[in-house]
Amino acid sequence: MNLKSLYKKNIILLLLAVIIIITPLIIKRDSEFEGADGQAEGLIQEINPEYEPWFEPLWEPPSGEIESLLFSLQVAIGAGIIGYTFGVLKERRKIVANR
C-alpha cells in the first residue's frame, strides 16, 4: 500500500468519524438524556436536601447529548492511544526479534 492511498483512506475515515459525531446532534436537537451523574445528584438531594456540592464545574455542556458525545470522544481518544501504544510495542518486539 503506498503512502498516498493510505493518506486518502485516513482522510475518508476521519470525515466519516466527523459525520458520525455530528449527525446525532442534528437529528436529535431537542432530546434529553440524563446521565448517571445527574441521577446521583437527584438521589443525594432526595436523601439529604441540605447537601452542598464541594465545587461547581468550570463549563457545563448545553445538553446531555453533547455531554455524552464529549465522553464518547474522550473514550475514543483513550482507546486510540492505548491501541497505538500496543501497536508500537508489538512492532518493537518484532524488530528486536529479527535482529
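Where in the chain does Arg 93 sit? Arg 93 has its place in helix 3, and that helix turns up again and again in the tour below.

## Overall fold

Keep in mind that this is a predicted model. The chain has three helices and zero strands, so read along the sequence the pattern is simply α-α-α. With a radius of gyration of 21 Å, well over the 13 Å that the globule rule gives for 99 residues, the chain is more spread out than a compact globule.

The box around the C-alpha atoms, taken along the principal axes, runs to roughly 65 × 35 × 20 Å. Of the 99 residues, just 4% count as buried. The accessible surface comes to about 9,500 Å², and carbon and sulfur atoms account for 66% of that.

## How confident is the model?

The average pLDDT for the chain is 86, and 95% of the residues score at least 70. Helix 3 does best here, at a mean of 91, while confidence is lowest in helix 2 (residues 36–47), at 83. As a general caution, predicted coordinates should not be read in detail where pLDDT is low.

## The nonpolar patch

A set of nonpolar residues forms a patch on the surface, with about 1,200 Å² of accessible area together. Among them are Leu 14, Val 18, Ile 21 and Ile 22, along with Trp 59, Leu 70, Leu 73 and Ile 77. Helix 1 and helix 3 each supply at least two residues of this patch. The largest share, six residues, comes from helix 1.

Ile 27 is one of the patch members, and its place is in helix 1. Is Ile 27 buried or exposed? At 61% relative accessibility, Ile 27 counts as exposed, because the cut-off for that label is over 50%.

Ile 11 also lies in helix 1, which spans residues 3–27. With a relative accessible area of 34%, Ile 11 is partly exposed. Ile 11 and Gly 38 are 27 residues apart in sequence, and their C-alpha atoms are 37 Å apart in space.

## The start of helix 3

Helix 3 covers residues 64–97, and Glu 65 is found in it. Is Glu 65 buried or exposed? Its relative accessible area is 12%, so Glu 65 is buried; the cut-off for that label is under 20%. What does the side chain of Glu 65 make a polar contact with? The partner is the side chain of Ser 63, at 2.9 Å.

## A salt bridge and an exposed arginine

How many salt bridges does the structure hold? There is one. It pairs Lys 94 with Glu 91, with the closest N and O atoms 3.4 Å apart. Both Lys 94 and Glu 91 lie in helix 3, three residues apart, or about one turn of the helix. Lys 94 is partly exposed at 43% relative accessibility, and Glu 91 is partly exposed too, at 40%.

Back to Arg 93, which is in helix 3 as well. At 62% relative accessibility, Arg 93 counts as exposed. Measuring up the distance to Glu 56, C-alpha to C-alpha, gives 46 Å in space, with their positions 37 residues apart in sequence.

Notes
Residues are numbered from 1 along each chain as its sequence is written. This is a predicted model: local features need pLDDT of at least 70, side-chain atom pairs count only at pLDDT 80 or more; totals for chains, interfaces and linings use all residues. Side-chain values use heavy atoms; hydrogens and water are left out. Helices (H or I, at least four residues) and strands (E, at least two) are DSSP runs, numbered from the N terminus. Buried means under 20% relative accessible area, exposed over 50%, partly exposed in between (1.4 Å probe, protein chains only). A polar contact is a pair of N or O atoms within 3.5 Å; within protein, one must be able to donate a hydrogen and the other to accept it, and residues adjacent in sequence count only if both atoms are side-chain atoms. Patches are made of residues with over 30% relative accessible area and no salt bridge: like charges are joined within 9 Å, nonpolar side chains (Val, Leu, Ile, Met, Phe, Trp, Tyr) within 5 Å. Accessible areas come from the Shrake-Rupley method with a 1.4 Å probe; for residues, only the protein chains shown count as cover. A salt bridge is a side-chain nitrogen of Lys or Arg within 4 Å of a carboxyl oxygen of Asp or Glu. The radius of gyration is taken over C-alpha atoms; the globule rule is 2.2 Å times the number of residues to the power 0.38. pLDDT is the predictor's confidence in each residue, from 0 to 100.
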